[in-house]
Structures are given as structure tokens and as C-alpha cells.
Amino acid sequence: VQLQASGGGLVQPGGSLRLSCAASGSIFSINFMAWWRQAPGNQRELVAVTTSGGTKNYADSVKGRFTISRDAAENTVYLQMNSLKPEDTAVYYCNANLRRSGDNYNTAMWGQGTLVTVSS
């Protein structure tokens with residue numbers, strides 16, 4: 001099982017980007033999928049999370065600007081980022097808590113990270 005993230009890049013302040021993260025492999029179920037970010041010199045912080053039950057939560061710093069969504073059939077999570085600010089610059093990581101086929105426990109998986117740079 002692996003997570004593959006994509007969609008990062010360079011964008012001007014006020015612009016938009018959409019990140020995608022697909023989980024692939026022998027997956028029995030996914031409990032939640034989330035996006036984290038880590039800026040240079042900072043700790044990794046939770047940006048947004050969506051659960052299998054449809055609950056969504058956001059960091060205060062991105063509320064009203066970012067939207068997390070999930071395609072359960074494709075095991076894919078998206079992060080639509082609007083009104084981007086320079087302080088959103090970071091490496092963004094996707095994360096999933098899932099159960100692999102044949103396991104009787106949950107596992108935390110991480111994608112490889114994708115760089116988002118907000119600069120003029």
C-alpha cells in the first residue's frame with residue numbers, strides 16, 4: 001500500500017492550487033485521510049482531515065480558504081487551496097489511517113510530500 005501525492009508548484013499570492021493523493025494497493029478500509037504541511041524550521045502541522053463518516057476539520061489558519069474532499073471509490077483525497085498566502089509555503093504531506101487487506105489492525109501511511117511555494 002502506498003500514497004502518491006501530486007499537484008504542488010509555484011503560485012502567486014491570491015492564487016489557487018489543488019493537491020491530490022491516491023492510496024493504492026490492497027486496502028480493506030480507510031478510516032481517515034488528511035493533509036499536513038511542514039515549512040522550513042517548523043514542525044509538521046495538520047492542515048485538514050476528512051473521516052470515513054464525512055467529518056471534516058481544518059486548521060484555523062486555512063479555514064475558509066482550503067477545502068478537503070475525498071473520492072472514496074478511488075481512495076483519493078484532494079486539497080483545494082484558494083487565496084493562497086506566502087505563509088502557506090511548505091511541503092504538503094498526505095496521510096491516511098487505513099486497514100490493509102488481511103490485517104486486523106490499522107496502519108498510518110504517509111505520502112512522499114509535494115512542495116507548495118507561494119511567492120510573487
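A nonpolar core is a set of buried Ala, Val, Leu, Ile, Met, Phe, Trp, Tyr and Cys residues joined through side-chain atoms within 4.5 Å. In this predicted model, the largest such core has 30 residues. One disulfide is counted as well. Strand β9 supplies core residues and holds one cysteine of that disulfide.

**Nonpolar core**
- Six members touch the most other members: Trp 35, Val 47, Phe 66, Leu 79, Met 81 and Tyr 92.
- Eight strands each give at least two residues to this core: β1 (2-6), β3, β4 (27-38), β5 (45-51), β7 (66-71), β8 (76-81), β9 and β11 (114-118).
- Strand β9 makes the largest contribution to this core, with five residues.
- In soluble globular proteins, nonpolar side chains tend to be buried together.

**Disulfide**
- The sulfur atoms of Cys 21 and Cys 94 lie 2.1 Å apart, and the two residues form a disulfide.
- The link ties distant parts of the chain, 73 residues apart: Cys 21 belongs to strand β3 (residues 17-24), and Cys 94 belongs to strand β9 (residues 90-100).
- The Cys 21 and Cys 94 link is right-handed, with 55° about the S-S bond.
- Cys 21 and Cys 94 are both buried.

**Asn 97**
- Asn 97 sits in strand β9.
- Asn 97 counts as buried because its relative accessibility is 18%, and buried means under 20%.
- The side chains of Asn 97 and Asn 31 share a polar contact of 2.6 Å.
- Leaving aside residues up to four places away in sequence, Asn 97 touches Ile 30, Asn 31, Phe 32, Asn 106 and Thr 107.

Notes. Residues numbered from 1 in each chain as written. Predicted model: local features only at pLDDT ≥ 70, side-chain atom pairs only at ≥ 80, totals over all residues. Heavy atoms only, no water. Disulfide = S-S within 2.5 Å. Helix = DSSP H or I, 4+ residues; strand = E, 2+ residues; numbered from the N terminus. Buried < 20%, exposed > 50% of the residue type's maximum accessible area, 1.4 Å probe, protein only. Polar contact = N/O pair within 3.5 Å; in protein donor to acceptor, adjacent residues only side chain to side chain. Contact = heavy atoms within 4.5 Å.
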